[in-house]
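Work through the following exercises with the coordinates open beside you, and check each step of a solution before going on to the next.

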Amino acid sequence: MLILMSVLFIVGIYLFKIKTFLQKDKKEKGWILFLSTLAIGMGILTAMELREDFIIKYLNQTIGYITKQVIKI
Amino acid sequence: MKNQISSFQFSLIIGNFIFSGTIVSVQQIVIEVAKQNAWIVILISYLIIIGIVYFISANKAKLEKLRGLYDTGNSNKFHKVFVFILLLFLFIVFIRDFRAVNGFIDIVLLPDTPIDVIALLMILSLIYISLAGIEVIARITVIHFFVIATIFVACPLLLINEINFKNIQPIGGVHALADILKAVYLITPWMGEALILVFLMMFINPIEKIRISSIFGTTLGILGVFISTILLLTVLGVGVASEATHPNIELIQQINLTDFLDRLDLIIVTVWLPAMFCKLALLVFGIQKSLNILRGSDDDKGLLPLGLILGLTTQLFSSNIDHLEFAFFTWATLGMTLEVLIILLFILIKNKHSGLGKTAKKNSKIHPSLE
C-alpha cells in the first residue's frame, strides 16, 4: 500500500505541475496519461500483492532451460 | 545543454557498462562451470567481443550517416525494427541489473528495508540523473568509473597477502576445453553489452575516434572483470567463489592489511554503487530515447511515469533465486539472441546506407576528415 500511495502522490503532483503543458500538447497528453495509468496499475498490483513474476518464470522455464541444455547443468 | 560526449567519455561509459553489472554475481556461475580455468574464459570472451566491436565500428563515413537512424522524424520501418530490438535489449538489461542492485542492497546493506521502497527511492534518483541528459550521465560516469577502476587495479596489492597461485592450478585439465566453452557461452552476452556503442554512436563527437574509443572502453571494462576473476580464483579459490551469491563482496572482505584497512569492503561498495547508478541512469535514458524514436516525438516529459514503471519492474522477480536463474541462464541465450540481432540489423542498415553513394560523397565533403 505504501508503494501505491507513493506512486499516486508522485504522479498526482507531477501531472498537476505540467497541467498547462498537457492542455497545449494533445499527443503528449495521451502518452503521459497512458504511462501514468500503467504506473498506477503496477502500483495497484503491488499493493494487492499480485506479483507479475509469471513472465520471468516463463522465460526461465523456456529460454533458461535451453541454456541449461547447452551447458548440461 | 548539448547532447554530445567526447571519445574519452564514450570509452569510459562502455567500460562502466560492462564492468559494473558483471561484477555483481555472474562470476559465480562462470567459476562453477570453468573452475580454475575461469580466467581463460574472460580472455576468450574478450577476443570475441573485440572482434565484433572492431567490425561494427568500421567505416566512419557510413557511421556518420547512420546518426540519422536515431532521428525522431525517421519513419523507415526497417530502422524502427532495429530501434525496437535495441529497446528490448536495454529494457532487459535494465530489469536484470536494477533487480540485482536492489537484491544486493536488500541482502547486504539494508536487510530491514522492503525491497520495493529501495527500488522506489533508487528510481527517483535515476529519473533525476536521466532528465539531465547524456552529458551529465557521461560526466558522472567518468568520475565514478575512474574511482572504482583505480580501486580494482589496486586490489591485487591490497590482497597480496591472501593470494595463492596454487588455486589456479592445474591450468587446463581433462574436460577443460568443454567447460571453458560452456562458460564462454554464459559470459559472452554480459561482455556483449559493449554493443551499447551502437546507441551511444549518435552522441559521440568527433565520430572519427569511434573505433579506437570503443576498443579502449571494451578493454577497460573486460580488464576489470579479468582482474576481479583472477583474484576470486587466487584468493577465495574455486570452492568458495562458486558458492557465494556475491563473490566480489566476499573477496574485498578478505582485505586485512592492517586493522585500519579491515573494513574497506564498505568503502568499496559505496564507490561501486554510484558506478552502477550511472549504468542504470544511462539505461533509463536509452529506454526513453528509444521509445521517443519509435513514437516520433522528442519530449522527455514522460520520463517520470516511465521511470516509475521501470522502478516497479522489481515485481517481475518473485525472489532472488528467480533473479539469479534469469541472470545466469536466461540472459545467456536471450542476451546472445538480442545481441546477434542487433549486430545483423546494424550491419544491414549500414550497408544499405552505403548504396546512397551521392549522399555519402556529399557528407564526406562536409566532413573532410572522414575521407
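Helices, as the word is used in these exercises, are DSSP runs of H or I with at least four residues, numbered from the N terminus. The model is a predicted one, and local features are taken up where pLDDT is at least 70.

**Exercise 1.** Locate the cis peptide bonds that precede P170(B) and P206(B), and place each proline relative to the helices of chain B.

Solution. Begin with the bond that joins Q169(B) to P170(B), for which omega is about 0°, so that the assignment is cis. P170(B) itself falls in the loop that runs between α7 (134-158) and α8 (176-191) of chain B. Turn next to the bond from N205(B) to P206(B), which is likewise cis, with omega near 5°. The loop that holds P206(B) is the one between α9 (197-200) and α10 (210-241) of chain B.

**Exercise 2.** Examine the backbone of K35(B) and state the sign of its phi angle.

Solution. The phi of K35(B) is positive, at about 55°, although the residue is not a glycine. For its setting, look between α2 (26-34) and α3 (38-56) of chain B, where K35(B) lies in the loop.

**Exercise 3.** Describe how chain A and chain B meet, taking first the extent of the interface and then its makeup.

Solution. Start with the contacts, in which 37 residues of chain A touch 37 residues of chain B. Together the two chains bury about 3500 Å², and 72% of this area is on carbon and sulfur atoms. Within the share that chain A buries against chain B, R51(A), I56(A) and I71(A) account for 16%, which is more than any other three residues supply.

The next step is to count the polar links, which come to 12 residue pairs in polar contact between the chains, with both residues at pLDDT 80 or more. On the side of chain A that touches chain B, α1 (2-17), α3 (26-47) and α4 (54-71) each provide at least two residues. The largest share there comes from α4(A), with 12 residues. Sorted by type, the residues of this side of chain A are 22 nonpolar, 7 polar and 8 charged.

**Exercise 4.** Which residue of chain A forms a salt bridge with E325(B)?

Solution. A search over all chains of the structure gives 9 salt bridges, and the count between chain A and chain B is 3. The partner of E325(B) is K68(A), and the closest N and O atoms of this pair are 2.9 Å apart, which lies within the 4 Å cut-off for a salt bridge. The pair crosses between chains, from helix α14 (residues 320-354) of chain B to helix α4 of chain A.

**Exercise 5.** Identify the residues that make the nonpolar surface patch of about 380 Å².

Solution. The patch is made by I107(B), V108(B), L109(B), L110(B) and L266(B). Helix α5 (residues 77-109) of chain B gives the most to this patch, namely 3 residues. L110(B), by contrast, lies in the loop between α5 and α6 (115-131) of chain B.

Technical notes
Residues are numbered from 1 along each chain as its sequence is written. Chains are lettered from A and ligands numbered from 1 in the order in which they are written. This is a predicted model: local features need pLDDT of at least 70, side-chain atom pairs count only at pLDDT 80 or more; totals for chains, interfaces and linings use all residues. Side-chain values use heavy atoms; hydrogens and water are left out. Contact means heavy atoms within 4.5 Å. Buried area is the accessible area (1.4 Å probe) that two parts lose on being put together, summed over both. A salt bridge is a side-chain nitrogen of Lys or Arg within 4 Å of a carboxyl oxygen of Asp or Glu. A polar contact is a pair of N or O atoms within 3.5 Å; within protein, one must be able to donate a hydrogen and the other to accept it, and residues adjacent in sequence count only if both atoms are side-chain atoms. Ala, Val, Leu, Ile, Met, Phe, Trp, Tyr, Cys and Pro count as nonpolar, Asp, Glu, Lys and Arg as charged, and the others, Gly among them, as polar. Patches are made of residues with over 30% relative accessible area and no salt bridge: like charges are joined within 9 Å, nonpolar side chains (Val, Leu, Ile, Met, Phe, Trp, Tyr) within 5 Å. Accessible areas come from the Shrake-Rupley method with a 1.4 Å probe; for residues, only the protein chains shown count as cover.
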